[in-house]
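Open the model in your viewer and keep the sequence panel visible. The stops below are given as selections, each followed by what is found there.

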Amino acid sequence: MGYYNGHLAEHGHYIPSTLTDRALPDKTVGNRLNGLGEAKVRRPSRMFPAPGDKSHPLNKWLLLWAFRLFTSTWRTGFHMILDLVHTHIRPRRINPRKIHDSPENFTRRLKEYALSLPDVDIIGITNMKEEYIYQEDSTAPFKKFKWVVMIGRAMDYEQAKKNLDGDFTSTVAQVFGGYEKSKKAAVQIANWIRAQGYAADGHGGFDAAPGNILMGIPAAIDAGLGQLGKNGSMLSDKLGSAFRLADIVTDIPLIPDAPYDNGADDFCLSCQACTNHCPPGAISDSKQLVRGVEKWYVDFDKCAPFMSEKQGCALCLTSCPWSMPGVAGPLSAKMLKRRQRQTTAS
Ligand code: SF4
Ligand code: SF4
């Protein structure tokens, strides 16, 4: 066991560094927080501590991970600082002269504006739901809004996939640069809504730390952006799995999108690329019971030590065939066509 870096004993068995081991001594804490094996439906617990919560079991590990990130490459540290700038400097005041328009027109104009931004590749709208909010955040200020607008920004796949050759620094710059840029876009979109005279807040990136963020993946799935994949991330039929999400919460009149089946779940049943590429063996080939629901699940306690020592890892995103540029759309169409054939034949 190294002091700062661990090592892979064999595929599926990672030995963390002494430092990681001290920061994360409880070897089942993450899966317990996530509710692995629990039959009762409940909302998930916070993986990031609320402000002032000194007793959160992941505090030390998160601090160590933040240090590793900040010092990994100057690019990641730079994105972390910019992330704070977007939160505290960019939001503009709400226009006191409210503009009135139909939900259809606001939805169309909002999406047109968002997709004209360089950091927005996909956008969808859903109603605010209790299940997007961590169980400890019942009084979260964003809960009062009616709508959640989810946006996604593609990573540069050529840069991100360098982790497949052992270069994790380019990947982590894509991951955290993607968080920072998608959050910047979320704040820009919130500002566009504020200019129409309606309340809106944009969240993303490191907002998770001050208890300011909702769970992006369930909201993005409900907003019609994709389906949950075996790698625990969302698979979009436009961007695959290599993208970052951010959200805007608002009360402007809008029309919601609907979740839909894009064939990813079927595809994952017979694909093992992420399972085979995950060094600590955190990805299971079968769905698991998590807070009363059978679903794809990544073993947090196997992933966390490796992922944090490699700053962001993301091998499960870049190894996914859906993430290769131009591949997700045709794969989705193929899966849906196959399903249609099976349904017609039966
Ligand atoms: S980030 Fe993905 S590939 Fe890396 S350890 Fe975690 S689950 Fe495995
Ligand atoms: S690599 Fe294969 S199994 Fe894993 S998420 Fe992507 S499509 Fe699904």
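**Stop 1: helix H7**

Of the 28 residues in H7, 22 are buried, so the helix is mostly covered; buried means under 20% relative accessible area, exposed over 50% and partly exposed in between, with a 1.4 Å probe and protein chains only. Helices (H or I, at least four residues) and strands (E, at least two) are DSSP runs numbered from the N terminus. This is a predicted model, in which local features need pLDDT of at least 70 and side-chain atom pairs count only at pLDDT 80 or more, while totals for chains, interfaces and linings use all residues. Residues are numbered from 1 along each chain as its sequence is written, chains are lettered from A and ligands numbered from 1 in the order written, and side-chain values use heavy atoms, without hydrogens and water.

Select residues 168–195 to see H7 whole. What span should its 28 residues have at 1.5 Å a residue? The expected value is 40 Å, and the end C-alpha atoms are 40 Å apart, which agrees; the expected span is 1.5 Å times one less than the number of residues. Move on to Gly197, which follows H7 and has a positive phi, near 100°.

**Stop 2: strand S8**

Select residues 243–250, strand S8, where 8 of 8 residues are buried. In a regular strand the side chains alternate between the two faces of the sheet. Here Phe243, Leu245, Asp247 and Val249 point one way, and Arg244, Ala246, Ile248 and Thr250 the other.

Add strand S4 (residues 147–154), which runs antiparallel to S8 and is joined to it by 8 bridges; two strands pair if DSSP finds at least two bridges between them. Ala154 stands opposite Phe243. Then add strand S5 (residues 200–203), also antiparallel to S8, with 4 bridges. Ala200 has Thr250 as its bridge partner.

**Stop 3: ligand 1**

Select ligand 1 and the residues around it (a heavy atom within 4 Å). Among them are Cys278, Pro280, Cys303, Phe306 and Cys316. Which class makes up this shell: nonpolar, polar or charged? The shell has 11 nonpolar, no polar and no charged residues; Ala, Val, Leu, Ile, Met, Phe, Trp, Tyr, Cys and Pro count as nonpolar, Asp, Glu, Lys and Arg as charged, and the others, Gly among them, as polar. H11 gives the most to the shell, with 3 residues, and both H11 and helix H12 (315–318) supply at least two.
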